[in-house]
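Colleague: I have a chain on my screen and want to find my way around it. Can you take my questions one by one?

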Amino acid sequence: MGASSIPTLESLGFTDWQFSALTECLGQPQGMILLTGPTGSGKTTTLYSMIARRRSPEINIVTVEDPIEYQLAGISQVQVNVKTGLTFASSLRSILRQDPDVILVGEIRDAETAEIAFQAEATGHLVLSTLHTNSSFAAIARLLELGIDPFLITSSLNLVVAQRLVRRICAQCKEPYHPPAELLQRCHINNADQVFYRGRGCPACGKSGFSGRMGIYEMLRLTSGLKELIRTKAGEAALRRTAARSGARTLMEDGLDKVRDGSTNPEELLRVVELEAEDNFPCPKCNAMVTWEFKTCPYCMIALQNRCTSCGQNLKPEWKMCPYCTTPVSAPAVPVQESPKVITQGRDEPALSPSRLLSQQTTASSAVKCPKILIADDDQGISTLIRKALEQLPMDVEVFAASDGIAALEAIELHGADLVILDVNMPRMDGFAVCDRLRKDIRTAFLPILMLTANSDQNNRTKGFLVGTDDYMSKPFVMPDLVARVTRLLRRTYGL
């Protein structure tokens, strides 16, 4: 295929903001832009639209591909041939000796190719490539898995674009219709006045109701908050939450915009964008981005999910009955706005969140207790920050602190504890040893423990889980994330 068959960037379905972000990064003299998505999602077409936009007699552009899908005049294209030893990695090494301005790598498949691609960026080149991941956030995790240094990722990666292709509704037979209510629930569409469209089917579209395709996109630009998380090797969920707070939009959100403007419909969107338990969705009360694992919104404290009144299992909002015991499901209750107090070292302080969220939903015989939470950390600043976070819990709590491992064990022996937030690196006795001691004592064997550490490499995480921690968080942490995890541990252990 020649240059005439390559679409322009303007025709690919980018929003104004997306187009501006992409062209800004594409115009840089060096850096890396990655496209992600499954096979057939249009990544190569987007790459060549980017190359066509940068192409000029003054710019030396070289591609390494397997196979070469577009023939484009004015650029050098290399076909990978593994049988003859011409791999992505070996081709890249040879290309770098020619000092090109822009390098297109068809796909980063292994650690060697990834390493050379990042080296190419570091030596003053603009590198364009693809990764086989389902989202822009998963691309970060994939690069870390390939052994790329977090600092190299944060200093080199300009933009990650996840994309899918959806079919456009045929303009000749377009008509309004009412999608099934269950379908709208799955898409988290609550606007009753929204008008939806579909193609009735006509000779112009071959009776399919669709004519042509368009892209939906998820763009991730690395903010300072995201870079810090990447340096600590934080998980994909933490990256999603931080990006959402800075305005990043997911594939589903971009697809819903195209549903709302009548370009496609909900059925087509769900055909290409998977809904997983970890997907973000807007809180129905405050519109903050939350995930399915949250039972309560950490921002406005509205209940997002119910527990079954019969068997106690967690239920998704769209379920009409409990699939575990067939008990009918009641709607989640909105919390009563009160001003709770956090009892901290004999001083009552007003908290920021509503009080006794679950006590409104339970009988008098199952009153909410006041959990005792121990913070064991030798950093006074971190300890104070954790206290502030715990003020946002949807229940009254009693907080006390210890500055090292021995003091933590003594405090638990003296006061008792319902949950421990444990730093790993502490004087006298580290967090691993404290956790091990607690698990070996029958009185504290089932005490929920959340570990915090600035050293979040996989070996440390594995060691933490082996000695018996229930959850593991990296420093610096995000306060709503800590609140959600503590709430989850208390509910899972005590039913609060």
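What follows is a short exchange about this chain.

Modeller: This is a predicted model: local features need pLDDT (the predictor's confidence in each residue, from 0 to 100) of at least 70, side-chain atom pairs count only at pLDDT 80 or more, and totals for chains, interfaces and linings use all residues. Residues are numbered from 1 along each chain as its sequence is written, and side-chain values use heavy atoms, with hydrogens and water left out.

Colleague: What does the chain average in pLDDT?

Modeller: Look at the spread too. Of the residues, 82% score at least 70. Over residues 332-368, pLDDT stays under 50. For that stretch the model has 81 contacts (heavy atoms within 4.5 Å) beyond four places in sequence. The chain average is 80.

Colleague: How many helices and strands are there?

Modeller: Both are DSSP runs, numbered from the N terminus: helices are H or I of at least four residues, strands E of at least two. The count for the chain is 16 helices and 20 strands.

Colleague: What share of the chain counts as buried?

Modeller: Buried means under 20% relative accessible area, exposed over 50%, and partly exposed in between, with a 1.4 Å probe and protein chains only. The chain has 496 residues. The buried share is 52%.

Colleague: In what order do the strands of the seven-strand open sheet lie?

Modeller: Two strands pair if DSSP finds at least two bridges between them. The pairing in this sheet is mixed. Its edge strands, which pair on one side only, are strand 3 (76-79) and strand 9. Neighbouring strands are turned by 20 degrees against each other on average, direction ignored. The order is 3-2-4-5-1-6-9.

Colleague: Which residue of strand 5 is the bridge partner of Leu34?

Modeller: Leu34 belongs to strand 1. Strand 1 pairs with strand 5 (residues 126-131) in the parallel sense, over six bridges. Strand 4 (residues 102-105) also pairs with strand 5 in the parallel sense, over four bridges, and there Val105 has Ser129 as its partner. For Leu34 the partner is Ser129.

Colleague: Which residue of strand 6 stands opposite Met32?

Modeller: Strand 6 covers residues 157-169. Five bridges join strand 6 to strand 1, and the two run parallel. Opposite Met32 stands Leu157.

Colleague: How many residues of strand 1 are buried?

Modeller: Strand 1 spans residues 31-36. Gly31, Ile33 and Leu35 point one way, and Met32, Leu34 and Thr36 point the other. Both sets are buried. The count is six of six.

Colleague: What angle does helix 4 make with strand 1?

Modeller: Helix 4 (residues 111-122) packs on the sheet and touches strand 1, strand 4 and strand 5. Axes are lines fitted to C-alpha atoms, for helices over the stretch in contact, and angles run from 0 to 180 degrees between N-to-C directions. The angle is about 140 degrees.

Colleague: Why do the buried residues of helix 1 lie on the same side?

Modeller: In helix 1 (residues 16-26), the buried residues are Gln18, Phe19, Ala21, Leu22, Cys25 and Leu26. They share a side because their arc, taken from the directions from the helix axis to the C-beta atoms, is limited. Asp16 and Trp17 are exposed on the other side. The arc is only 165 degrees.

Colleague: Which residues touch the most other members of the largest nonpolar core?

Modeller: A nonpolar core is a set of buried Ala, Val, Leu, Ile, Met, Phe, Trp, Tyr and Cys residues joined through side-chain atoms within 4.5 Å. The largest has 39 residues. A second, separate core of 28 residues includes Leu12, Ala21, Leu128 and Met219. In the largest, those touching the most members are Leu34, Ile140, Ile153, Leu157 and Leu220.

Colleague: Is Ala141 buried, partly exposed or exposed?

Modeller: Ala141 lies in helix 5 (residues 136-145). Its C-alpha is 6.8 Å from that of Glu236, although the two are 95 residues apart in sequence. The relative accessibility of Ala141 is 37%, so Ala141 counts as partly exposed.

Colleague: Which residue follows helix 15?

Modeller: Helix 15 (residues 458-467) has Asn460, Gly464 and Val467 buried. They lie on the same side because they cover an arc of only 75 degrees around the axis. Gln458, Asn459 and Leu466 are exposed on the other side. The residue after the helix has a positive phi, near 115 degrees: Gly468.
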